[in-house]
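Colleague: I'd like a close look at a single part of this one: pick an aromatic ring, tell me what sits around it, and carry on outward from there. Give me the cut-offs as you go.

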Protein chains: 2
Amino acid sequence: MSIQSDAETESPKRQAIISAAGELFVAHGYGAVSMDAVARAAGVSKATLYAHFASKDLLFASIISQACRESIAVADILPDPSSDIGDELSALGGRILRFLLQDRALAIHRVVIGESIRFPELGRAFYDNGPAVLRRVFGAWIARQNAAGRLDVPEPERAADLFCGMLRTGLYLRASLGIAPSPSEAEIDATVAGAVTMFLRAYGSGPATD
Amino acid sequence: MSIQSDAETESPKRQAIISAAGELFVAHGYGAVSMDAVARAAGVSKATLYAHFASKDLLFASIISQACRESIAVADILPDPSSDIGDELSALGGRILRFLLQDRALAIHRVVIGESIRFPELGRAFYDNGPAVLRRVFGAWIARQNAAGRLDVPEPERAADLFCGMLRTGLYLRASLGIAPSPSEAEIDATVAGAVTMFLRAYGSGPATD
DNA sequence: GTCTATAGAAGGATAGAC
DNA sequence: GTCTATCCTTCTATAGAC
């Protein structure tokens with residue numbers, strides 16, 4: 001009667017492989033990581049490695065699509081309520097941009113983009129678990145602000161996309177290209193402020209428009 | 001007295017190598033392309049290949065940084081004059097987005113992002129010859145519209161970045177991840193229209209604001 | 001300069017012992 | 001399940017003939 005269907009899943013060796021392969025693939029990409037290197041970093045033999053993952057392709061796809069699923073945690077992106085809609089939007093934008101600028105998030109984005117030709121399912125997994133979730137959550141937040149009369153946005157989800165697009169320009173674009181390694185807080189705040197200003201001038205309702 | 005410093009540059013074999021390697025690297029990335037494949041596609045022997053390029057790293061870096069320099073041609077991005085600023089901005093946005101969505105532009109962006117860890121200079125070359133040029137040209141255009149009283153934008157270059165960020169969201173993001181392979185003209189137009197609407201509501205001067 | 005042929009190394013994957 | 005040792009393929013790079 002005892003069910004132990006996923007007992008394998010918790011094998012320590014398997015966990016070691018997943019952990020080590022995750023770090024290596026995310027940091028260096030598919031081509032630059034050998035199965036030897038994964039085995040060495042995980043402290044297992046190559047035979048053990050292949051006992052758990054049938055091929056390098058499969059290992060890579062598992063690891064990265066798993067990383068896409070984890071790295072979201074958009075739950076706590078939404079800001080604390082404030083009397084000023086601009087403050088809330090700034091807080092929200094700041095959290096999103098800081099999340100995107102994390103080394104790990106940047107690295108995952110890079111790897112997925114770089115290998116999305118060879119592994120199309122990764123592009124899909126990344127989009128569904130990252131941008132698409134953000135679009136829904138953020139869009140719903142905008143819709144609530146509409147309902148409360150604090151914003152006047154015709155298409156909330158499209159507007160969420162546009163706002164995120166403004167966050168992902170300049171600073172983030174350079175970071176994703178390996179330029180501007182660690183942007184200052186001031187630069188981040190300035191980028192967020194630019195997006196918030198544009199957004200509120202376009203869609204703010206009430207006295208904040210000017 | 002005759003100068004022939006770049007006679008080598010025009011060697012037909014060398015041109016064949018550059019052309020073939022360009023296609024292969026842009027299409028498949030660094031790791032997935034072998035020197036054998038380059039030699040075969042160029043119709044030369046590997047010895048000839050190595051006579052022109054000392055290593056695979058060097059060949060890759062030359063080819064891709066060259067591709068970054070070429071693929072810009074932002075010259076003809078600027079729109080024809082029109083009586084309506086919205087029409088001009090739409091035309092401009094449409095040209096930018098269509099340029100970015102070209103297979104070749106997408107592929108170069110992907111390769112550079114993917115290999116920017118291993119080849120940091122490529123990220124720089126891409127940014128300097130792509131986004132940075134666009135930012136300057138587009139920013140100057142906005143400044144001219146300011147001067148003509150058709151727009152009222154406090155920081156033209158930053159605004160140019162924001163506008164381009166809005167173009168690079170949704171549709172383009174999915175395309176760069178390998179989803180939504182060939183977007184329809186209607187989708188492209190809708191994306192541009194969204195960005196133009198936001199931009200003009202925020203920074204339009206005159207009656208177009210509402 | 002160009003080719004054919006190959007050296008030398010490294011990577012992916014597996015056989016067999018425990 | 002795990003390891004050691006190894007096979008086979010593929011890759012980068014070069015030597016030597018033309």
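**Around one tyrosine ring**

Modeller: Start with B:Tyr30, which has the charged end of B:Lys56 over its ring, 4.3 Å from the centre. I call that a charge over a ring if NZ of Lys or CZ of Arg is within 6 Å of the ring centre and within 35 degrees of the ring normal. Keep in mind that this is a predicted model, where local features need pLDDT of at least 70, side-chain atom pairs count only at pLDDT 80 or more, and totals for chains, interfaces and linings use all residues, while side-chain values use heavy atoms, without hydrogens or water. As for names, residues are numbered from 1 along each chain as its sequence is written, and chains are lettered from A and ligands numbered from 1 in the order in which they are written.

The other chain has such an arrangement too: A:Lys56 lies over the face of A:Tyr30, at 4.3 Å from the ring centre.

Back in chain B, look at the ring partners. There are 18 aromatic pairs over all chains, and B:Tyr30 with B:Phe60 is an edge-to-face one, at 5.0 Å centre to centre and 75° between the planes. Pairs here are rings of Phe, Tyr and Trp (its six-membered ring) with centres within 6.5 Å; planes under 30 degrees apart are stacked, over 60 edge-to-face, and the rest tilted. This pair links distant parts of the chain: B:Tyr30 is in the loop between helix H1 (12-28) and helix H2 (35-42), whereas B:Phe60 is in helix H4 (residues 56-70), 30 residues apart. Helices (H or I, at least four residues) and strands (E, at least two) are DSSP runs numbered from the N terminus. Both B:Tyr30 and B:Phe60 are buried, where buried is under 20% relative accessible area, exposed over 50%, and partly exposed in between (1.4 Å probe, protein chains only).

B:Tyr30 pairs with B:Phe119 as well: the centres are 5.4 Å apart and the planes at 55°, so this pair is tilted. B:Phe119 sits in the loop between helix H6 (103-115) and helix H7 (120-129) of chain B, and B:Tyr30 in the H1-H2 loop, so the pair ties together parts that are 89 residues apart in sequence. B:Phe119 is buried, like B:Tyr30.

Now outward to the DNA. Around strand C there are 15 residues, and A:Lys56, which we met over A:Tyr30, is among the closest, along with A:Met35, A:Lys46, A:Tyr50 and B:Thr48. (A residue is near a strand if one of its heavy atoms lies within 4 Å of it.) Sugar or phosphate supplies 54% of the strand C atoms within 4 Å of the protein, and bases the rest. One base contact comes from A:Lys46, with a polar side-chain atom 2.6 Å from a base nitrogen of strand C. Polar contacts in general are N or O pairs within 3.5 Å; within protein, one atom must be able to donate a hydrogen and the other to accept it, and residues adjacent in sequence count only if both atoms are side-chain atoms. On the phosphate side, a polar backbone atom of A:Met35 is 2.5 Å from a phosphate oxygen of strand C, and a polar side-chain atom of B:His52 is 3.2 Å from one. H3 of chain A and H3 of chain B are the elements giving two or more residues to this surface.

Strand D has 17 residues around it, with A:Lys13, A:Thr48, B:Met35, B:Lys46 and B:Tyr50 coming nearest. Here sugar and phosphate make up 56% of the strand D atoms within 4 Å of the protein. Phosphate oxygens of strand D lie 3.2 Å from a polar side-chain atom of A:Lys13, 2.5 Å from a side-chain N or O of A:Thr48, and 2.7 Å from a polar backbone atom of B:Met35. The elements with two or more residues on this surface are helix H3 (46-52) of chain A, plus H2 and helix H3 (46-52) of chain B.

By residue class, the strand D surface has 6 nonpolar, 6 polar and 5 charged residues, and the strand C surface 6 nonpolar, 6 polar and 3 charged. Ala, Val, Leu, Ile, Met, Phe, Trp, Tyr, Cys and Pro count as nonpolar, Asp, Glu, Lys and Arg as charged, and the others, Gly among them, as polar.
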